[in-house]
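Hi there,

Here is the structure I promised to pass on to you. My notes on what turned up in it follow right below.

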Amino acid sequence: GLWFAQSQSLRGKKVLVTAGGTVERLDPVRYLTNDSSGKMGFSIAEAAANRGAEVTLIAARTTAEAIGGVTLVKVESAEQMLQAVLERYEDADIVVKAAAVADYRPVAVADKKIKKSDERLVIELERTTDILQTLGERKQGQYLVGFAAETEQMEQYAMDKLHRKHCDLVVANNVAEAGAGFNHDTNIVSIYGEEGLIETVPLMQKRQVADRLLEIIVQRMSARGA
Ligand code: CTP
Ligand code: CA
């Protein structure tokens, strides 16, 4: 029946999911991070495990709880996430990059707590490595799914990310809409493929958004014979 079909649709597949907001340290007690809760990535990991996949979830800072049957790897920074993902990339069949990865990190990380002194403090930041783009450039048959957090020009920015990072799908969040994006239980996403918009998933629980995303992935992978 239907339940059986869904439960088996990712059997034998290795799925790698990243989630949460990376933490970029300034000193032993201070860091830069973002509002990501990790819920979208955790929901995707859970939905993939329910379809019989072997799931590894690489999680930065998150409020979500561990999921039974999913291997959880905890990381802090973008650099640690990059290493954890690269170690497992060759073996993966599907990679979903739901993490909110910092674009910048402090150039210098103090090994002792920074003491206050002047009235103003300037912190210099440098770009992190783009993990998704690195994966896209090294792709060897993996089905690669990126996310895009946008507040405007959704389609243009999402398609630009899809091409630049060699993604098979891009899931765009309009983070300016009520009930969507960071730190919500619900989300409104538009899913893009090579041909443009595939579908817009209306306001739904993140767990249901995850189910719909995985249905699309399964369908498109089987259509290309994977
Ligand atoms: N991403 C990544 N490594 C980074 C930055 C982003 O892997 N250093 C990934 C995210 O996990 C997400 C996708 O790239 O899947 C898009 O992230 P987003 O922040 O929307 O796009 P950016 O390319 O960082 O561009 P911008 O923030 O300027 O919109
Ligand atoms: Ca970014």
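G225 has a positive phi of about 85°, just after helix 6. That helix covers residues 206-223, helices here being DSSP runs of H or I with at least four residues and strands runs of E with at least two, numbered from the N terminus. Its 18 residues reach 26 Å from first C-alpha to last, close to the 26 Å expected at 1.5 Å a residue (1.5 Å times one less than the number of residues). Among its buried residues are V209, L213, I216 and I217; buried means under 20% relative accessible area, exposed over 50% and partly exposed in between, with a 1.4 Å probe and protein chains only. An α-helix has 3.6 residues a turn, so residues three or four places apart point the same way.

Before you go further: this is a predicted model, where local features need pLDDT of at least 70 and side-chain atom pairs count only at pLDDT 80 or more, while totals for chains, interfaces and linings use all residues. Residues are numbered from 1 along each chain as its sequence is written, chains are lettered from A and ligands numbered from 1 in the order in which they are written, and side-chain values use heavy atoms, with hydrogens and water left out.

Now the pockets. On a 1 Å grid over the protein atoms alone, a pocket is an open set of points where a 1.4 Å probe fits, with protein on both sides within 12 Å along at least five of seven lines; lining residues have an atom within 4 Å of a point. A volume is the space filled by probe spheres set on the points.

The largest pocket has about 850 Å³ and 39 lining residues, with A99, A100, V101, D103 and A149 nearest its centre. Helix 2 (39-50), helix 4 (131-137), strand 9 (143-150) and helix 5 (154-164) each give two or more residues to that lining. D103 sits in the loop between strand 6 (94-97) and strand 7 (104-106). D103 also supplies the protein donors of the calcium ion (ligand 2), two OD entries at 2.4 to 2.6 Å; donors are N, O and S atoms within 2.8 Å of the metal, or 3.2 Å for Na, K and Ca, and sites may look incomplete because water is not among the atoms.

The second largest pocket holds about 160 Å³, and its lining includes L26, R30, I114 and R120.

Lastly, I58 in strand 4 (residues 54-59) is buried, at 0% relative accessible area. I58 touches L16, V73 and M81, among others, contact meaning heavy atoms within 4.5 Å.

Best wishes
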